[in-house]
Amino acid sequence: MTFLITLAATCLFVFICKSLIRKAPYAFYALAVVVVIVFFAGEFIVYPRPVHDVVFLLVQRCNLALALFVIVMFVGVFPRDSFIGRWLRPIRAQLSIIACIVSLGHMVVYVLTYLPRIGIAIPTNVIVSLIMAVVLFILLILLGVTSFDAVKKRMTAESWKKIQKLAYPFFGLVYIHLMAMLLPAALKGGKAAVLSVAVYSVVFIGYGMLRVIRALLDSRKKAEETVL
């Protein structure tokens, strides 16, 4: 499945470039903007087939942004003092911002696709997905903007934490959005859709379970430290 390949490649890229992302985050934000611009330029430029396919999968199918969000999600599953925690927690905000930038390209495409269809009969699953997309867009902007250090420093710690906790419903809505688009085809026996539903379900439901376990373990550890 293309998403799993993208996720594996993105994980490798993040691990290799961790130090660079930490030192020069705006260079990677600019790179994300370039990726989106290249994608939109495809409306006016005929790319070689391999280039078109890669850009389509990364941006229009949102595989790159989703892979980055999955990495950001699962970092929170590992203990802070673990290798993964120590290596990736310092760049979670930067990865979120990169993912938000690429996601905006994906969202703009679908808004432009469905706007002309307003007033025309649209399948229920598409309507549900569009509603989810609007909510996701709002959450994306809130989470993305407040991930910048300059904005974070101007906020109280309490306010910032409250907004960042919106990441949990955001991840949940991403899963619902995916299911709304894929389940109808999967229920009709579409092999690609069935595989996608299975993969995304393992990723998101698995994350939810692991995150709850991590929260319980952290809470227990904190209670034990308080007693001591």
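Student: Which helix gives the largest share of the nonpolar patch?

Tutor: Heads up: this is a predicted model, where local features need pLDDT of at least 70 and side-chain atom pairs pLDDT 80 or more, while totals for chains, interfaces and linings use all residues. Residues are numbered from 1 along each chain as its sequence is written, and side-chain values use heavy atoms, without hydrogens or water. Six residues of the patch come from one helix (a DSSP run of H or I, at least four residues, numbered from the N terminus), and that's helix α7, residues 124-145.

Student: How much accessible area does the nonpolar patch have together?

Tutor: Its members are Leu 104, Val 134, Phe 137, Ile 138, Ile 141, Leu 142 and Val 145. To join a patch, a residue needs over 30% relative accessible area and no salt bridge (Lys or Arg side-chain nitrogen within 4 Å of an Asp or Glu carboxyl oxygen), with nonpolar side chains joined within 5 Å and like charges within 9 Å. By Shrake-Rupley with a 1.4 Å probe, counting only the protein chains shown as cover, the patch totals about 550 Å².

Student: Is Phe 137 buried, partly exposed or exposed?

Tutor: Phe 137 sits in helix α7. Buried means under 20% relative accessible area, exposed over 50%, and partly exposed in between. Because its relative accessibility is 38%, Phe 137 is partly exposed.

Student: And which residues does His 106 touch?

Tutor: His 106 is part of helix α6, residues 92-114, and is buried, at 14% relative accessible area. Skip its neighbours within four places in sequence, and its contacts (heavy atoms within 4.5 Å) are Val 59, Gln 60, Arg 61 and Cys 62.

Definitions and conventions:
Helices (H or I, at least four residues) and strands (E, at least two) are DSSP runs, numbered from the N terminus. Buried means under 20% relative accessible area, exposed over 50%, partly exposed in between (1.4 Å probe, protein chains only).
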